[in-house]
Amino acid sequence: MKNLFSTQFNISHIEPATHIYGPGRRFAVWLQGCSLACKGCWNEQMWSFKANKLLARKTLLAQILAEEDIEGVTILGGEPLDQAENTVWLIQEIKRQTSLTVMLYTGYTKLELEQQQLWTILEANVDLLVTGRYQEQYRNTKNQWYGSENQELIYPEKSRIEQRSKRLNEVEIIIEETGEVRVLGYPT
Ligand code: SF4
């Protein structure tokens, strides 16, 4: 699917430093909009393609580059590849300009990504892909980084991520200086 807002991302949420979406401390960005409508999805508020928070892709890249002490970037949603042009641009720029690792969540399977002619470019630029729909009947909250057993964790040949998913349910509680509290992950 082409980007609806030209070279702007439609963003749901950003966490500039989180520890539960991939290895190490990571910049995580949830993109707004998903066409896949998995039954039981926990992020239904991210399905709508209406403009939520629009951000020029260069601005998002600058925010990532300005973040200190991160090991990588994780892109999730929503469905990042329903904004494929911008997502691919971002992934390539991160790879070109930094040594940060990239992790990408997508509800599409490897076969679908091949059919969409996205696989080759993703394989060359992403260090870890979590692929496939969320399937409620295969839900398992005890796996680090993914939520249903049918999903596949793919480490492409040139991946710089060595860490493998563990049997672990991680939850992160962030307390801002303002007193705002956010809970990330899915506590059982
Ligand atoms: S792909 Fe992800 S965001 Fe989209 S419906 Fe499935 S679980 Fe929800």
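Over the ring of which residue does the charged end of Arg164 sit? The views below come from a predicted model.

**View 1. A charge over a ring: Arg164 and Tyr155.** The ring belongs to Tyr155. The charged end of Arg164 sits 3.6 Å from the centre of that ring.

**View 2. The aromatic pair of Tyr21 and Trp30.** Two things describe a pair of aromatic rings: the distance of the centres and the angle of the planes. A search of the whole structure turns up one such pair. The ring centres of Tyr21 and Trp30 are 5.2 Å apart and the planes stand at 85°, so this pair is edge-to-face. An angle over 60 degrees is what earns that label. Are these two residues buried or exposed? Tyr21 is buried, and Trp30 is buried too.

**View 3. The ligand and its shell.** The ligand sits in the largest pocket. Around the ligand are Cys34, Leu36, Ala37, Cys38 and Cys41. Trp47, Gly78, Gly107 and Tyr134 also belong to its surroundings. By class, the shell has seven nonpolar residues and two polar ones. No charged residue is part of the shell.

**View 4. The largest cavity.** Rolling a probe the size of a water molecule over the atoms shows where empty space is left. Searching the whole structure gives one cavity of 30 Å³ or more. The largest cavity holds about 40 Å³ of space. Its lining is made by Leu4, Phe5, Asn10, Gln32, Phe49, Asp82 and Gln83. Three of the lining residues are nonpolar, three are polar and one is charged. The charged one is Asp82.

Definitions and conventions: Residues are numbered from 1 along each chain as its sequence is written. This is a predicted model: local features need pLDDT of at least 70, side-chain atom pairs count only at pLDDT 80 or more; totals for chains, interfaces and linings use all residues. Side-chain values use heavy atoms; hydrogens and water are left out. A residue is near a molecule or strand if one of its heavy atoms lies within 4 Å of it. On a 1 Å grid over the protein atoms alone, a cavity is a set of points where a 1.4 Å probe fits but cannot get out, and a pocket is an open set with protein on both sides within 12 Å along at least five of seven lines; lining residues have an atom within 4 Å of a point. A molecule sits in a cavity or pocket if more than half of its atoms lie within 2 Å of its grid points. Rings of Phe, Tyr and Trp (its six-membered ring) pair if their centres lie within 6.5 Å; planes under 30 degrees apart count as stacked, over 60 as edge-to-face and the rest as tilted. Buried means under 20% relative accessible area, exposed over 50%, partly exposed in between (1.4 Å probe, protein chains only). A charge sits over a ring if NZ of Lys or CZ of Arg is within 6 Å of the ring centre and within 35 degrees of the ring normal. Grid points are joined across faces, edges and corners, and a volume is the space filled by probe spheres set on the points.
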